[in-house]
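Visitor: Please take one residue on the loop before the last strand and look at it closely. Then work outward from that residue to the rest of the chain.

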Amino acid sequence: MSLSTSASSDGKTLTIQIRGKFDFNLVQSFRQAYAELRSGTEKVVIDLRETDYMDSSALGMLLNMKKTLGESVSSIHITNCRPQLKKILQISRFDKKFEID
């Protein structure tokens, strides 16, 4: 499991990509990924393309990120979800709080 971040060339989008398991072991690194958000960042993308597992602590991390960032970003997208992860997000009603692709 690992986590990586990248910023778009214009600095308006921060992408956090998670590989493997999105669970409690990523708490610190996930928090650090968005803690020092550059000014001018408007959008955060959580890319789950290579994520094969997500537990309740991952849901908590996503909620904490949304609470921490508040109004400082215009949107948070969760993208490239595998069907089983998308189902977890929908059952948890995260589609009401985040944009899920």
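Guide: S92 has a relative accessible area of 31%, so it counts as partly exposed. That value, like the others below, is computed from a predicted model. The residue sits in the loop that runs between α3 and β5, the latter spanning 99–100.

From S92 we can step to a residue far away in sequence. S92 and L59 are 33 residues apart along the chain, yet their C-alpha atoms are 8.4 Å apart in space. L59 has its place in helix α2. The two residues differ in cover: S92 is partly exposed, whereas L59, with a relative accessible area of 13%, is buried. The reason is the cut-off, because buried means under 20%.

What does L59 touch? Setting aside residues up to four places away in sequence, L59 touches M54, I88, L89, S92 and F94. S92 is thus one of the residues that L59 touches. A separation along the chain does not by itself tell us the distance in space: L59 and T79 are 20 residues apart in sequence, and their C-alpha atoms are separated by 15 Å. For S92 and L59, 33 residues apart, the figure was 8.4 Å.

Helix α2, where L59 lies, also leads to the interior. The largest nonpolar core has 28 residues, and those with the most contacts inside it are F22, F30, I46, L62 and M65. Elements that give two or more residues to this core are β2 (13–22), α1 (27–35), β3 (43–54), α2 (56–69), β4 (75–79) and α3 (83–91). The largest share, six residues, comes from α2. M65 can serve as an example of the packing: leaving aside neighbours within four places in sequence, M65 is in contact with F30, Y34, V44, I46, I76 and F98.

Now to another loop, the one between α1 and β3, where T41 lies. T41 is buried, with a relative accessible area of 8%. Its side chain reaches the backbone oxygen of R38 at 3.0 Å, and a polar atom of that side chain lies 3.4 Å from the backbone oxygen of G11. Not counting residues up to four places away in sequence, T41 touches G11, K12, L14, S72 and V73.

K12, one of the residues touched by T41, brings us to the charged pairs. A search of the whole structure finds three salt bridges. In one of them, E42 pairs with K12, and the closest N and O atoms are 3.8 Å apart. This pair links distant parts of the chain, 30 residues apart: E42 is in the loop between α1 and β3, and K12 in the loop between β1 (2–7) and β2. E42 is partly exposed at 39% relative accessibility, and K12 is partly exposed too, at 37%.

R19 and E50 also form a salt bridge, with 3.6 Å between the closest N and O atoms. Here the link runs from strand β2, which holds R19, to strand β3, which holds E50, across 31 residues of sequence. R19 counts as partly exposed at 27% relative accessibility, and E50 is partly exposed at 36%.

The side chains of D47 and R49 meet in a salt bridge as well, at 3.1 Å from N to O. In this pair the cover is mixed: D47 is buried, with 7% relative accessibility, while R49 is partly exposed at 45%.

Last, the whole chain. The protein has three helices and five strands, and from the N terminus on its elements run β-β-α-β-α-β-α-β. The radius of gyration is 12 Å, close to the 13 Å that the globule rule gives for 101 residues, so the protein is as compact as a globular protein of that length. Its C-alpha atoms fill a box of roughly 35 × 25 × 20 Å along the principal axes. Of the 101 residues, 40% count as buried. The accessible surface comes to about 5,900 Å², and 45% of that belongs to carbon and sulfur atoms.

One more figure puts the starting pair in context. Among contacts between residues at least 6 apart in sequence, 67% join residues at least 24 apart. S92 and L59, 33 residues apart in sequence, are in contact and belong to that group.

Definitions and conventions
Residues numbered from 1 in each chain as written. Predicted model: local features only at pLDDT ≥ 70, side-chain atom pairs only at ≥ 80, totals over all residues. Heavy atoms only, no water. Core = buried A, V, L, I, M, F, W, Y, C linked by side-chain atoms within 4.5 Å. Buried < 20%, exposed > 50% of the residue type's maximum accessible area, 1.4 Å probe, protein only. Helix = DSSP H or I, 4+ residues; strand = E, 2+ residues; numbered from the N terminus. Contact = heavy atoms within 4.5 Å. Salt bridge = Lys/Arg side-chain N within 4 Å of Asp/Glu carboxyl O. Rg over C-alpha atoms; globule rule 2.2 N^0.38 Å. Areas by Shrake-Rupley, 256 points an atom, 1.4 Å probe, with all protein chains shown as cover. Polar contact = N/O pair within 3.5 Å; in protein donor to acceptor, adjacent residues only side chain to side chain.
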